[in-house]
Every structure is written in structure tokens, then in C-alpha cells.
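Hello! Here are a few friendly notes to read alongside the coordinates. I have kept them to the sheet and the nonpolar cores.

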Amino acid sequence: MSFRWVYAQPDDAGIAASLSKECNVPTSIARLLALRGVSTFDRASLFFRPELSKLHDPFLMKDMDIASDRLAHAIRSGQRVLVYGDYDVDGTTATAIMYMFIREFGSKPLFYIPHRFKEGYGLSEEGITYADEQDCDLIVSVDCGITAIEEAKWAKAKGIDLIVCDHHTAGDTIPDCVAVLDPKRPDCPYPFEGLSGAGVGFKLIQATLLKLGLPQSVAYKYLDLLAVSIASDIVPIIDENRILMREGLLMLNTEPRAGIRALMDLIKMDVGKLSTTNIVFSIGPRINAAGRMGDAVTALNLLISDSEDDANFWAAQLEEINKRRRKTDSDTMGQAQAMIDESMDMDSLTSVVLHHPEWHLGVIGIVASRLVDLYCRPTIMLSTIDGKIKGSARSIRGFNIYNALKQCDDLLIQFGGHEFAAGLTMNCDQLDAFRERFSSISHDCLCSDQFEPEIVIDGELRLSEIDSRFWKLLNQFEPYGPHNTRPIFVSKNVQIVGNPSIVGKQGHLKMRLAQDDSYHFDAIGFKMHALKPMLDEHKNQNVDIAFVLEENCWFDKRSNESKRELQLQIRDIRVC
């Protein structure tokens, strides 16, 4: 697969030079800062040393004073509170955090997560009826509720107060309830819109602690679950999220709670080695599996487990669910690819809309993401549930899927999401009209070069610039995630030292590289065996490489000690 190399550019070309001088860092490091919106010495200091003391005042959020007053009153009075969450990782972690916080005060809160297939996303009449039957005085929704206009009316009619904590895009109308916390509200002055659903709940906890006269450290015990939420929900790892993610990772790598430790044992991950990547690809999918296959309560029970035995039990249950999810995922991917190969001309299509009435609603979002990676087109996967067509949409850079669905709102029963991912529901008789309009929207918005896979390059780097100080500074850019991705560099006219080889069952390309008088670096290109014939054919020519810098750690049996060495992980190669 060929990639288009796109060089990221800072808003102001002079910032990097200024930062390099003020912060006494190499220009290449200063450029990385500038690309991440860091423009001054003070911002650079905060970027390199994110501290909990730098978190924003929770009372800057619209309705926070009212919401924290109401929750503090419920806690003081011992009122019955129902925490109402969502069935994905963000929703289950948010529910666990809020539930455990309220439980700390001797109350007996309840939790409710809707069944993905029986109720669907968000607040439901069934959930509000359950709260009424349990004599609840207050519902706190987390990671959902911003569009629950009718549901808020139902709660009010039953005499139940409602606090909404959400981070999704608000509609034209805000639910009529006690308080609506959402940094994306048009009238909300909060300085950071990128919080996860669990992050908004965390801000409510912070404010409630202040109303109760308690220290903020009470809230910090939930930072581990908040980090899982931030990493898994693919929110920007900047501003507050960077602080929360960094502190949460530290907690996960020192004293993980029973439920997370049980999952780490399952994936054979040692304490101290958990990264954002591990969360995204190993921890998060297992937590997500329960909700994807129907009922997220298994995942919630794991997260709130107080004992090792309970945690191990629920982790084992979750692993079995995840195995079923993987099988369903694989089968659906195969069917989707077959449909595309048999009936679609990808050279003429600017988007993909696929429907199969028996596809499992819990995995089509995952498959849509994989199809986006494979075909580089906005993709919508649809299934039929209880006489309605429901589905998941995923997008590429430069095409706002939420805005596209908004242009189809007259054809939809409901939809929600953000720029890169969304969910939707429609009547069966609207499918053809929807497919035609969505295709027209994508055709008008996208051009052909956006369909070629791209690598966004942070900058050119000479291999001789890589030393221990450079690596130490680069490490301080972690944790990585959206808006702060792992830097990708390009080095040009690089020499291949010796002959490349293929290692591992999956065909990894391994070689040694140098540039002029630089150190000879080990380099590996995962699953890039197909490039070896090209390199053999041009064995005497230099290459341009796109790569990330990483540390390779291994145990040397000959010396009986652990070793580590900097390594280039190749993302793409071009013969000069």
C-alpha cells in the first residue's frame, strides 16, 4: 500500500525557532510543540509538567453550581440516587466512577445501563420507570442525556430530579431538568470542550466535594478509570485530558484497582508497563465487549469490584464475551468486504453505505472503522433491529460525519455523535433515499486525493540528531492520543547497512540504517515483508523513511540482564 506523505505545518513558522531558544530544546522538539499548539514558554512548561493543580475550575461549566448543590444535598440527606450510564467504555467507566463516589458516603446508589438492543442509546422510558419503581429522588446521567428532551419530561412528571452529564454535541433544545452539564453546550463558557463523558462526571465530583467541604484528593482515586475512558473514547489528549490521562496512567501503573488488575493479568501485562496503546487495543475492547454484545452490566461489575476474587470472576466472564465478539466481528468484516468486492466500484464511490438485516449491532461500528482504514472512505454499516434500521458511521479526516447526517435529518428517526463517529436510526423505507443523499453529500465534499492513505509527518529529522537527550525530551510528549499523536519523522537519503531480512511469522521487515556519519540504528517495519523485493532490486540506492522512534527492550540471555536500545519503527519507505 502506498501512502501520501502530508507534512504538518505550525500556524506560525516562527514559533518553533522562538521556543527552541526560550526552552533550550532542539528545533525539532520545538517544532513538535508548535504543531501541538504550544506557543509560549509557560505553555511549554505546562505541557512538559502537567499537574492536577492546573485543572480548570469546575464551576466554569454552565449549571455546575446548581448540579453540585443538588448532588451534595442528595448525599447529605441520604436520598436514593440512580446513576444512568451508557454501554460503551466511556459510559461504563463514568457510571462506575459516579456510583462509587456516591457509595463512599454510606448511601446506597443504584446504577442503570440500557440494553443496547432492547433500549438503545441514552435515557429511556424503561430506565426512568425503573428509577421510579426504586423510589429514586435523583437521576445522574453520565455520557448521555444531552438530547433526552422527552425523557427529561418523563422524569419530571414522575417527580424525579435529573442531572445530565454529557459531552456529545447538543441539539437545538436543551433538556428541561435540574442541570445540564456539557462543555459543548453553545452557552457553556467552560474553556475546554474535549472532556470525555467520564470527564464531565469527574468535574461534577470535584464541584460536589467543594460543596461538601472535602479535599479534591477524594476525586483523584478515580483517575485510573478516567484514564481508561479518555484513551478509549478517542478524545483529544490535550489541555485537561493530558493532565488527567498522565496522572491516571501513573495510578494504573502503580496501584491498579482489582478490576483493571484482573484484566491486566488476562492480557499478561505487568504493572508498570501499561500504556495508552494497551488501553485502546486490549483493556478498552474487553470492557466494551459486554455492551457491544448486549448487556454492559458485566463490565460495570468488574470495574466496581472490591475483591480480587470478584474481579477475577467478572474478568473471566468478560473474556468469554470478548471471544464471541471477536468471532462475530471477523464474520461481519468478511461479509462486508464481499459485498464491496461484488457490487461496488470503489474508484467511483466517495462513501460506503452497507446494510445487512442480520448484522450484529454491537460490532458494526468496529467493522466500519476497519473499512475506513482499508478503503479510506466515510463508511456506514447498518442492520435491522425490531423493524428499524440502525447503524454506525465512521469517517476520514476532512469529512464531518455528524454534519453530513444532520443534512439527512429528515430521513432519520434519530442520530448523534461527532466529527469522526456517529450512530443513526431510520425507518426501513428511507434506506434508498438516505444512501443516495449521503453519497451526494460525500461527492460534493471530498476529492480524489483524500482517498489515498496518508501519513501525517511531524517533520524531517536527521538520524544524527537522535541522542539520549532527544529521546528524554521526546518521552515527555506522552501520553499520546488525538491532537497529540506519536510523532512521525522523515529522514532522507538513508543508507541500508547490510541486507534487510524478514523475521517473525507475520513477516516483519528488519534492517539497519544509517545516515552519513550517524549511529547505525536497528529498524523494523511490522508486516512489511512485501517491500523486501523492492529493496533487493534497488540494494545500492538510498531510501527515504517515515518512522517513529521507540525503545526496544529485551532480556539478553548471554549477559543475563535486561537491555534496551533505540529503534526506528518504519511506517513507509521510498527508494530515492
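**Notes on the sheet and the cores**

1. A good place to start is a single pairing: G416 has G423 in β11 as its bridge partner. Please keep in mind throughout that this is a predicted model.

2. Zooming out from that pair, strands β10 and β11 (residues 421–427) run antiparallel and are joined by four bridges. They belong to an open sheet of five strands, ordered β7-β8-β9-β11-β10, with mixed pairing.

3. Which strands stand at the edges of the sheet? They are β7 (352–355) and β10 (414–417); each has a single partner strand, so one side of each is left without a neighbour in the sheet. From one strand to the next, the twist averages 15°.

4. The sheet also has a helix packed on it: α18 (residues 431–445), which touches β7, β8 (379–385), β9 (388–394) and β11. If you compare directions, α18 makes about 165° with β7.

5. Now to the cores. The largest nonpolar core has 81 residues, and the members touching the most others are L71, M98, F101, V140 and L204. Helix α5 (residues 89–103) supplies the largest share of this core, with nine residues.

6. M98 is worth a click in your viewer. Setting aside neighbours within four places in sequence, M98 contacts L71, V83, V140, V142, G201, L204 and I205. Of these, L71, V140 and L204 are also among the residues that touch the most other core members.

7. Finally, there is a second, separate core of 40 residues, including V25, F48, I570 and I573.

Conventions
Residues are numbered from 1 along each chain as its sequence is written. This is a predicted model: local features need pLDDT of at least 70, side-chain atom pairs count only at pLDDT 80 or more; totals for chains, interfaces and linings use all residues. Side-chain values use heavy atoms; hydrogens and water are left out. A nonpolar core is a set of buried Ala, Val, Leu, Ile, Met, Phe, Trp, Tyr and Cys residues joined through side-chain atoms within 4.5 Å. Buried means under 20% relative accessible area, exposed over 50%, partly exposed in between (1.4 Å probe, protein chains only). Helices (H or I, at least four residues) and strands (E, at least two) are DSSP runs, numbered from the N terminus. Contact means heavy atoms within 4.5 Å. Two strands pair if DSSP finds at least two bridges between them. Axes are lines fitted to C-alpha atoms, for helices over the stretch in contact, and angles run from 0 to 180 degrees between N-to-C directions.
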